[in-house]
Amino acid sequence: MSEKIKVLLSEEEVDARIKQIAAQISRDYAGREIHLICVLKGGVFFTCELAKRITVPVSLDFMSVSSYGDDTKSSGVVKIVKDLDQPLIGKDVLIVEDIIDSGRTLSYLIEILKGRNPNSIRLCTLLDKPERRVKDVKVDYCCFNIPDEFVVGYGLDYAQKYRNLPFIGVVELENQD
Ligand code: PRP
Ligand code: MN
Ligand code: MG
């Protein structure tokens, strides 16, 4: 088997939409500072592109989480692999993700981060697959709703590959003759 990548959202479409969302965020947070939290690894490319286009002051921190496995997945528990460096108290936090799928990762993360007493906490995602949702998550900013297909690029991986593609693609498995 080999993989072929079909373009779902071109580099131009993605860039244009990130510009729009960044402008909306900059308006919504006018007069305030935003503390961006990038969820590693998938969120890293989107975080950079978004942050460059936000016009209010921005600070950045990074967090890495992973699911424990099937047992704990159903309870929505995720393990913090790398925690934030800075406290959140009094900050206007904006979590940046590449994709919301079942919602397990983010519903858990938001609960943890709320406990650290930020002034506010919102979620911004590049992609959303609403039909896959198991846990309710309030998405404040979403660039694209997409159908339930296996997507890669712009931070999203297939077995750790393809994160660096500058567009969103769908993986198509094909048999080699
Ligand atoms: C993916 C994606 C989100 C999460 C979404 O991360 O980047 O963080 O899964 O899935 P959920 O809504 O069902 O929880 P992954 O665990 O693959 O790690 P990665 O970002 O390092 O690729
Ligand atoms: Mn991720
Ligand atoms: Mg992944």
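1. A small detail makes a pleasant way in: leucine 40 stands opposite serine 64 of β3. Please keep in mind, here and below, that the model is predicted. The strands around this spot are β2, covering residues 34–40, and β3, covering residues 58–67, and they pair in the parallel sense over 7 bridges.

2. Stepping back to the sheet, you will find 6 strands in the order β4-β3-β2-β5-β6-β7. The sheet is open and its pairing is mixed. At its edges are β4 (78–82) and β7 (141–145), each of which pairs on one side only. On average, and with direction ignored, neighbouring strands of the sheet are turned by 30 degrees against each other.

3. Now for the helices on the sheet. Helix α1, residues 11–28, lies across β6 (120–128) and β7, and runs at about 160 degrees to β7. Helix α2, residues 44–53, lies across β2, β3, β5 and β6. The angle of α2 to β2 is about 155 degrees.

4. How do these helices meet? Two packed helices are described by the angle between their axes and the distance between the axes. For α1 and α2 the angle is about 55 degrees, and the axes are 8 Å apart. The arrangement of α1 to α2 is therefore oblique, since roughly parallel would need an angle under 35 degrees and roughly perpendicular one of 65 to 115. The crossing of α1 and α2 is right-handed.

5. If you would like to look at that contact residue by residue, α1 brings Ile18, Lys19, Ile21 and Ala22, and α2 brings Glu49, Leu50 and Arg53. By class, the contact of α1 with α2 has 4 nonpolar and 3 charged residues, with no polar ones.

6. Last, the ligand. Which residues come nearest to ligand 1? Of the 13 around ligand 1, they are Lys41, Gly42, Asp101, Ser102 and Thr105. Two elements give two or more residues to this shell, namely β5 (92–100) and α4 (104–114). Strand β5 gives the most, with 4 residues.

7. On the make-up of that shell: sorted by class, the residues around ligand 1 are 6 charged, 4 polar and 3 nonpolar. While you have the ligand in view, it may be worth tracing β5 back into the sheet, where β5 stands between β2 and β6 in the strand order; β5 is also one of the strands that α2 lies across.

Technical notes
Residues are numbered from 1 along each chain as its sequence is written. Chains are lettered from A and ligands numbered from 1 in the order in which they are written. This is a predicted model: local features need pLDDT of at least 70, side-chain atom pairs count only at pLDDT 80 or more; totals for chains, interfaces and linings use all residues. A residue is near a molecule or strand if its C-beta atom, placed from the backbone, lies within 6 Å of it. Ala, Val, Leu, Ile, Met, Phe, Trp, Tyr, Cys and Pro count as nonpolar, Asp, Glu, Lys and Arg as charged, and the others, Gly among them, as polar. Two strands pair if DSSP finds at least two bridges between them. Axes are lines fitted to C-alpha atoms, for helices over the stretch in contact, and angles run from 0 to 180 degrees between N-to-C directions. Two residues are in contact if their C-beta atoms, placed from the backbone, lie within 7 Å. Angles under 35 degrees count as roughly parallel, over 145 as roughly antiparallel, 65 to 115 as roughly perpendicular and the rest as oblique. A crossing is left-handed if the near helix is turned anticlockwise from the far one by less than a right angle, and right-handed if clockwise.
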